[in-house]
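Good morning, and thank you for making time for this presentation. Please have the sequence and the structure open while I speak.

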Amino acid sequence: MSILPETAKVLVVGGGPGGSTAATLLARLGHDVTLLEQSHFPRYHIGESLLPTILDVIDLLGAREKLETCGFTRKRGAYLEWGPETWGLNFGELSGNSTYAFQVVRSEFDHFLLEHAKSQGVRVFEGVEAEEILFDGERPRRVQWRRGPQDGQAAAGSNGNRASSINAAGAGEAERGEISFDYLIDASGRNSLMANRYLRNRRFHKVFQNVAVWGYWKNVDRLATGREGDIAVGSIPAGWLWAIPLHDETMSIGVVMHKDALAAKRHLGLEKIYADAIAESPLLTSITRPGQLVSELSTEQDYSYASQKFCGPGYFMVGDAACFLDPLLSSGVHLATYSAVLAAASIASIYRGEVAADDAMAFFEQCYRQAYLRFLVFLSAFYDVGRAKESYFWEAQRLTQEDVDAGDLKRAFLNLVTGVKDLADATNETAHHLVLEEMTRRVDENLHMRQNKQHLAALQANEPTVTAANARFFNSIEGLFALDAADAVAGLYVRTKPILGLSRTREETVN
Ligand SMILES: Cc1cc2nc3c(=O)[nH]c(=O)nc-3n(C[C@H](O)[C@H](O)[C@H](O)COP(=O)(O)OP(=O)(O)OC[C@H]3O[C@@H](n4cnc5c(N)ncnc54)[C@H](O)[C@@H]3O)c2cc1C
């Protein structure tokens, strides 16, 4: 059993995709990084369908070759029966960028990332919970940790030479200690140590107050959508369902409904609600027809939320610790790893004296919030194009002004929708309306463009600027933006070569 250090330059709390990505990136730059994870990996987690940006992140981590040998299912796109329409969507179809992602058993994927972090020099401690944060003014400076009784016993038995800050644990007692640090990366997921316990500034959106119920199936028809490996999504009047084929021969199948609809049916029992939802979707019925449910059902409220601040003096919140989005667009791991890249680049540049801490924080705050808001609006627009059925569920997926601050919304979309001037001059109400309307139009256009593959090929041959503009637009939402000067946020962008950090745009340097 390893002994925790008393100090670290960077302390990461949480070993999910957000925490292990940030930790690995910093360790690869030579920083002293300690990561505390309360569970022992492999541990279960929902969130199995990834987006193609995962390949760019894995490249930055130096783990691509290793990942390709893990055997995860390759995901080349999605098949949707959405409202009255059907779409087969291929990654890279318009942009030519990454043409696949993975469907992953999260216990294996997260374990893979954490083991990779260890191999890159991160000091990882599993079974260690960050219990309390101690502050110097607003700046977190120390964490009090706790290792459970079983871990404590193992530690006492395996090594009597204890660091002075550790209270040696007797048999059956938890072991406790303290670690100080320069920077804290809170990657504690939905627990959100900073936001929930100290800042108390997490705000739930009114929109997307949904609940998910899911289980794992075997012997299903994995080719019901015509192509193995894709995620299948089917809408029903009360919500929608996912089917994600995993490499262990199981399929993750879940239904998402509004919380009130689920509460109203609760007396029927979860199994019946789940079975009825599958029976209502022709797509999910054909997938599950030959199969059997081989697990218990799980359920989780997946209400969307965002903290009012994503960072502050000496700390950065990445992934679900900062914000969470309804799972329809499989954006969770993308946002977690993207924000981890932003946090690692910010801390690395602060240490190298390339940017002032306040500037790096302003960059991180705006960049991550913009990435989140763009997805949030995209999500609402996606729900809007599927809304053919009259049902409360579909009405409840409309983003309102109460959900998003108009100033933040304008900043996130200023260079993306319509003329910059239109949006800059718009009032709060018209800005909100303008952005939503434009996004719905673009989503609709994008889906229809990709619906007819022959038409798409002709469009790409004859009108390449139309398809290129479309691809640029969606890349700025689903891709890793702010990675070049043209995309700079608050005068800074992430440089990935020759080494990870933040760079200033040329104009800013001249000024
Ligand atoms: C129903 C549902 C379906 C989803 N589907 C998808 C999907 O298809 N694709 C997708 O990309 N995303 C999906 N998501 C979202 C995805 O699960 C998350 O966004 C993603 O896991 C976030 O990663 P993270 O690293 O921020 O947090 P997590 O993966 O949650 O990791 C946080 C880690 O921190 C640890 N921790 C917490 N508190 C402490 C503490 N005090 N001390 C030490 N350790 C601590 C936890 O044990 C955990 O291991 C879905 C979510 C839901 C609810």
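Before I turn to a helix pair, one definition is needed: axes are lines fitted to C-alpha atoms, for helices over the stretch in contact, and angles run from 0 to 180 degrees between N-to-C directions. Please also bear in mind that this is a predicted model.

The pair in question is helix 10, residues 332–351, and helix 11, residues 357–385; their axes lie 9 Å apart and make an angle of about 170°. Angles over 145 degrees count as roughly antiparallel, and helix 10 and helix 11 are therefore described in that way. Which residues of helix 10 and helix 11 meet? On the helix 10 side they include Leu 335, Tyr 338, Leu 342 and Ile 350, and on the helix 11 side they include Phe 363, Phe 364, Tyr 372 and Phe 375. By class, this contact of helix 10 with helix 11 comprises 14 nonpolar residues, 3 polar residues and no charged ones.

Helix 10 also leads us to the ligand, since the largest share of the surrounding shell, 4 residues, comes from helix 10. Helix 1 (17–28), strand 2 (33–37) and strand 8 (128–136) are among the other elements that each supply at least two residues. The ligand has 36 residues around it, and those that come nearest are Gly 16, Gly 47, Gly 189, Gly 319 and Gly 332. The shell divides into 17 polar, 13 nonpolar and 6 charged residues.

I now turn to backbone geometry. Two peptide bonds are of interest here. The bond from Phe 41 to Pro 42 is cis, with omega near 0°, and Pro 42 sits in the loop between strand 2 and helix 2 (53–61). Lys 497 and Pro 498 are likewise joined by a cis peptide bond, with omega about -5°; Pro 498 belongs to the loop between strand 22 (492–495) and strand 23 (501–504).

Positive phi values also occur in residues other than glycine. Ser 330, in the loop between strand 21 (323–324) and helix 10, has phi near 50°. Is Ser 330 buried or exposed? Ser 330 counts as buried, because 22 C-beta neighbours fall inside 10 Å. Ala 490 has phi near 55° and lies in the loop between helix 17 (464–478) and strand 22. Ala 490 is buried too, with 20 other C-beta atoms within 10 Å.

Finally, the whole chain. The protein chain contains 18 helices and 23 strands. Its radius of gyration is 23 Å, close to the 24 Å that the globule rule gives for 511 residues, so the chain is as compact as a globular protein of that length. Of those 511 residues, 48% count as buried.

Methods:
Residues numbered from 1 in each chain as written. Predicted model: local features only at pLDDT ≥ 70, side-chain atom pairs only at ≥ 80, totals over all residues. Parallel < 35°, antiparallel > 145°, perpendicular 65-115°, else oblique. Contact = placed C-beta atoms within 7 Å. Nonpolar A, V, L, I, M, F, W, Y, C, P; charged D, E, K, R; others polar. Near = placed C-beta within 6 Å. Rg over C-alpha atoms; globule rule 2.2 N^0.38 Å. Buried ≥ 20, exposed ≤ 12 C-beta atoms within 10 Å, placed from the backbone.
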